[in-house]
Every structure is written in structure tokens, then in C-alpha cells.
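Me: I'm new to this structure and would love a close look at one part of it. Could you walk me through a single region, step by step?

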Amino acid sequence: MNTDLGDYRKSYEKEELLESNISDNPMELFQKWFYEVDTKFNQDETNAMTISTFGLDGYPKSRVVLLKRYTYEGFIFYTNYHSEKGKAIEKNPNVCLSFFWNSAERQIIIKGKAEKIAENLSDGYFESRPRGSQLGALASNQSEVIENRQVLEDKLLSLEKELEGKDVERPAFWGGYIVKPIEMEFWQGRPNRLHDRIRFKLQPDYNWKIDRLSP
């Protein structure tokens with residue numbers, strides 16, 4: 001197989017990112033961009049983000065998860081703590097998040113440390129989930145090898161019968177992480193591949209140093 005993709009090209013011309021138009025805090029710029037992408041551009045699942053971890057086998061691995069909340073402190077998502085990503089985070093909490101919003105020709109890359117959020121916060125989000133999603137979290141031993149799809153279907157059916165008429169409690173192995181950023185890079189596509197790249201790096205005094213990077 002030898003497939004040449006050299007002619008795949010696109011000119012980025014929708015927006016610009018200038019130092020004169022940004023705040024001193026990257027979370028405020030994230031909020032602005034997220035709102036703009038979510039309301040002005042035709043983007044599916046604006047909250048979809050890629051999280052990269054260092055696996056127990058020493059290899060980095062990336063997968064898409066859904067951002068469920070963000071604050072000045074960081075970015076929150078939920079998962080099975082016993083999953084491959086959960087085990088990777090337990091061993092090495094240094095992770096990378098990235099958002100690529102092709103409709104707006106924008107990308108954000110975030111370096112940070114992941115840590116579990118308080119149990120009551122995980123409880124509150126779990127209670128807000130649809131019942132099917134709650135049962136799905138119980139039915140799946142995430143990242144474990146299974147014989148076939150029917151194993152999952154049978155487990156879900158069993159749980160539906162067992163818990164009929166009862167509240168579904170959050171299992172201890174499922175909950176949230178918050179990724180607290182130490183570096184955030186904002187990328188805005190520009191013509192002639194002269195893209196705008198603005199990087200925020202957290203300093204020892206907890207202020208952010210802002211630099212423009214060459215594309």
C-alpha cells in the first residue's frame with residue numbers, strides 16, 4: 001500500500017489570534033473560544049477532546065472523551081478508574097488534552113496533571129446521567145477483554161432486572177478527574193500556513209507567561 005495524500009490542502013482564512021485581543025488568563029480565552037465554536041460554527045460535540053496518557057506499557061495513547069465541566073481550576077471528565085486510562089493516570093498523572101474544532105479552524109493543546117475530584121461531585125454527576133448510561137457504567141469492565149458483544153447485552157439485561165424500581169448508585173470504580181493545566185497553546189489557522197500560535201505557561205507565582213510561537 002502506498003497512498004499519496006500530498007494534494008490534500010486547505011487554506012485557513014476564517015479568524016485571527018492577536019495578543020491585543022486576549023486576556024491574561026487562558027481559561028478566559030478557552031471560554032470565549034468554546035462559546036464561539038458552540039454558537040457560531042457548525043461543530044458537532046464541541047466538548048469532545050482527545051486525552052493522551054502514558055500507558056503502563058510505556059507507550060503514549062490518545063482517545064476521545066467528553067469534557068463535562070470547566071472552571072478556572074481546570075477541565076473535568078468522567079471515566080472508569082479501572083480502565084486503561086485510569087490505570088495510566090494513577091501511575092503518571094501528567095496528561096495532554098487537545099481540542100480540534102475544524103469548523104472554526106482552531107486547536108487547543110493543554111498540558112496538565114489529572115487528579116480525582118471529590119466523591120460527592122462524582123455522585124452528583126452520576127445521578128444526573130440517563131438511567132441507561134448509569135447501568136452501562138455498571139455493565140462494562142472498561143478496557144477488559146470480552147468474548148463478544150452478547151456478554152455486554154446479557155449483563156445489561158441482568159442489571160435492568162436486578163435494579164428495576166431502584167436507584168442506581170455510582171460504583172466506587174467510576175468517577176471524575178480534573179486536569180489542572182500548566183500550559184495551554186491556542187492555534188488559529190491562517191493563510192499560507194502562517195498560523196497564529198499563542199502559548200500560556202504557568203509560572204511559579206501562578207501568573208501566566210504569554211508567548212507567540214512560530215507556526
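Reply: Happy to; here is a tour of the first helix and the loop after it, with a short look at a helix pair at the end.

Please keep in mind that this is a predicted model. Helix 1 covers residues 26–40. With 15 residues at 1.5 Å each, helix 1 should span 21 Å, and its end C-alpha atoms are indeed 21 Å apart, so the two values agree. At the start of this helix, a side-chain oxygen of N25 comes to within 2.8 Å of the backbone nitrogen of M27. M27 is also one of the buried residues of helix 1, which include P26, L29, F30, W33, F34, E36 and V37 as well.

Now follow the chain into the loop between helix 1 and strand 1 (48–54), where you will find Q43. Is Q43 buried or exposed? Its relative accessible area is 17%, and buried means under 20%, so Q43 counts as buried. Among the residues Q43 touches is V37, itself a buried residue of helix 1. Q43 also touches F100, W101, N102 and S103. With S103 there is a polar contact between the two side chains, at 2.8 Å.

For the helix pair, look at helix 4 (residues 131–139) and helix 5 (residues 149–162), whose axes come within 9 Å and cross at roughly 120°. That angle makes helix 4 oblique to helix 5, and the crossing is right-handed. L135, G136, L138 and A139 of helix 4 meet L152, K155, L156, L159 and E160 of helix 5.

How values were computed: Residues are numbered from 1 along each chain as its sequence is written. This is a predicted model: local features need pLDDT of at least 70, side-chain atom pairs count only at pLDDT 80 or more; totals for chains, interfaces and linings use all residues. Side-chain values use heavy atoms; hydrogens and water are left out. Helices (H or I, at least four residues) and strands (E, at least two) are DSSP runs, numbered from the N terminus. The expected span of a helix is 1.5 Å times one less than its number of residues. Buried means under 20% relative accessible area, exposed over 50%, partly exposed in between (1.4 Å probe, protein chains only). A polar contact is a pair of N or O atoms within 3.5 Å; within protein, one must be able to donate a hydrogen and the other to accept it, and residues adjacent in sequence count only if both atoms are side-chain atoms. Axes are lines fitted to C-alpha atoms, for helices over the stretch in contact, and angles run from 0 to 180 degrees between N-to-C directions. Angles under 35 degrees count as roughly parallel, over 145 as roughly antiparallel, 65 to 115 as roughly perpendicular and the rest as oblique. A crossing is left-handed if the near helix is turned anticlockwise from the far one by less than a right angle, and right-handed if clockwise. Contact means heavy atoms within 4.5 Å. Lists of a residue's contacts leave out its neighbours within four places in sequence.
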